Every structure is written in structure tokens, then in C-alpha cells.
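Work through the exercises below with the sequence and the model open. Try each task before reading its solution.

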Amino acid sequence: MKTALVLVLVAVGSVVFHLLSPWWWTPIASNWHYIDGTIEITFWITGVVFTAIVLFIAYCVWRFRHREGNVADYKPENKRLEGWLTVATAVGVIAMLAPGLVVWAQFVTVPDDAAEVEVLGQQWQWAYRLPGQDGKLGTASTEAVTPENPFGIHADDPAGQDDVLIQGGDLHLPVDKPVKILLRATDVLHDFYVPQFRAKMDMIPGSVTYYWFTPTRTGSFEVLCAELCGVGHPYMRGIVMVDAQPDYDAWLAQQTTFSQVSAASPPPGASEVAAVN
């Protein structure tokens, strides 16, 4: 009897905690309401199933508790019950998976006016590349990565000369402007994850993945790596600063471009020649 009561309290307490929880999602990115909606659908389906199962177990513990003279009725199979359970499980799984297909389509369908920002992941730090005044990112590839050119930008592409490079700093974004995040990795799998945006995507060496979002609130938000990438994985963190447009413009004007970095860096082999002379 006590066991059944404990199970009932677990079921009721779980529902009450969910409804009164202070950890509801914060609307930081306007277009992520459909992701929150999908999570809520999953919670409702799994919550109903969880509550029903726990209450059913509580009922069984109470109804079929030990009594003097009772004999168990052994029925190893019940075709009808198995059929109903199979159908109900299939319907529940479909109900949880179907919204995900819609969400994925929205997740990767980028608005035409979205600005592009490239995120480069490597053990164990983040680097960022933004388009310059021409509004275009230059072509880049992992094969072109060198100590002097960590982004692997193709020097013969004019569009890349004014690209803004950020290494060891924070990524700033203007508020209320859609942005397409291009994701690259130079060594192993990484995952660019900003929890408040409810957005993350694996970064695969040799490939470019992407998603988009529109930040709707200014502030500082932590970046995490959500893919185990080596011993320094827990320390691969960063900051995304969402600024008002004037603050963003002022920050952007202080950053260096690829052409400036190239002009300040000696050509490959120059240090060895100088040492010989």
C-alpha cells in the first residue's frame, strides 16, 4: 500500500513540478518558437505516457497485493493487448517525429536578407569570420589553412580581402537581424551551441554546415561545444554578444580584415631566410 502511494505521489509531483517550474524557456530568438513548440509536444506525449504507466503500476501494486489464499493467474501472452500497445506506441512516436521534419525545414531555410557569419572550430577554441563592406565572404578551404592563414581564405579571391577576422575574441551580432551561421572545423568534430538560442549544429571537417536565427534581445550569451572533441572539450567556450546596431557598428569598425592581417604577417619562409642572413 505504501509503495502504491509513493508511485502516485511521484506521478502527481512530476506533473506539478512541470507546470510550476521556473525554468521555462526564454524567448531570446524570435524564430525558435517552433522549436519550443516541438519540445512541448514531446513533453506532453511522454508526460502522459509516464503518468499513465506510473499510475497503472500503482494500481497493480494495490489491486494485486498479496492476500492469503490468492493464486496468480499466469498469462504469458495477450495478442490483443500487444496489438493495442504496438499501435499506440507507433502513433506516439510518429506524433513526436513528424513536427521535427517541419522544424528542420524551417531550421535550414534561410531568409534572403540574412547576413552570413562563419564559425571556425578547432581544438579548443572558436574563431569567427564576418563579411566586409562588400557583404560577401571570400572562399576558403581546410586545405589552405596555415599558421599565417588559420581560416584558409583563398588569397586570390577579391571577396575575401575585406573579410573581418576574429580570433580569441567574442562574436558580436546586431539585434533583430537574421544571421546565417556557417560552421567549419579544421581538425575533429565540434558543435557550435548557444543554449539560449536553442540552436546547435555539428561541425564536420571538410564540410560546411549551417543554420540561422534572429536574436531578439541584447545581452551576453555563452557558446558551448556540444560534441566531445578531446581533453580540452569542457574548456571550449565563448561568448556571443547581441548588440544594438550602433554598438555593433562601433565594434565592427575596430576589427581587423584579412588584407590587414596578411600585410602584417611575413610571407612563409621569411623568418628562416632572415635567420640564415
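**Exercise 1. Describe how β1 and β2 pair, and how they are connected.**

Step 1. β1 and strand β2 (residues 125-130) pair in the antiparallel sense, over five bridges. Helices (H or I, at least four residues) and strands (E, at least two) are DSSP runs, numbered from the N terminus. Two strands pair if DSSP finds at least two bridges between them.

Step 2. Two residues lie between β1 and β2, and the two strands form a hairpin.

Step 3. For one position, look at glycine 121, which stands opposite tryptophan 126 in β2.

A note on the source: this is a predicted model, in which local features need pLDDT of at least 70 and side-chain atom pairs count only at pLDDT 80 or more, while totals for chains, interfaces and linings use all residues. Residues are numbered from 1 along each chain as its sequence is written, and side-chain values use heavy atoms, with hydrogens and water left out.

**Exercise 2. Find the pairing of β1 with β5, then place both strands in their sheet.**

Step 1. Strand β1 (residues 115-122) pairs with β5 in the parallel sense, over seven bridges.

Step 2. Valine 117 has isoleucine 181 of β5 as its bridge partner, and valine 119 has leucine 183 of β5.

Step 3. The open sheet has six strands in the order β8-β5-β1-β2-β3-β11, and its pairing is mixed. β8 (209-213) and β11 (256-257) are at the edges; each has a single partner strand, so one side of each lacks a neighbour in the sheet.

Step 4. In a regular strand, side chains alternate between the two faces of the sheet.

**Exercise 3. Which residues touch the most other members of the largest nonpolar core?**

Step 1. A nonpolar core is a set of buried Ala, Val, Leu, Ile, Met, Phe, Trp, Tyr and Cys residues joined through side-chain atoms within 4.5 Å. Buried means under 20% relative accessible area, exposed over 50%, and partly exposed in between (1.4 Å probe, protein chains only).

Step 2. The largest core has 36 residues, and those touching the most other members are Trp126, Tyr128, Leu130, Ile181, Phe192, Tyr211 and Val240.

Step 3. Strand β5 (residues 179-185) supplies the largest share of this core, four residues.

Step 4. Another core, of six residues, lies apart from it and includes Phe151, Ile153, Leu165 and Phe258.

**Exercise 4. How many disulfides does the structure hold, and why is cysteine 225 not bonded to cysteine 229?**

Step 1. A disulfide is a pair of cysteine sulfur atoms within 2.5 Å. The structure holds zero disulfides.

Step 2. For cysteine 225, the closest cysteine sulfur is that of cysteine 229, at 3.9 Å, which is too far for a bond.

Step 3. Cysteine 225 is buried, because its relative accessible area is 7%. Cysteine 60 is partly exposed, because its value is 23%.

**Exercise 5. Locate alanine 244 and decide whether it is buried, partly exposed or exposed.**

Step 1. Alanine 244 is in the loop between β10 (237-243) and α4 (245-253).

Step 2. Its relative accessibility is 29%, so alanine 244 counts as partly exposed.

Step 3. From C-alpha to C-alpha, alanine 244 and aspartate 112 are 22 Å apart in space, and they are 132 residues apart in sequence.
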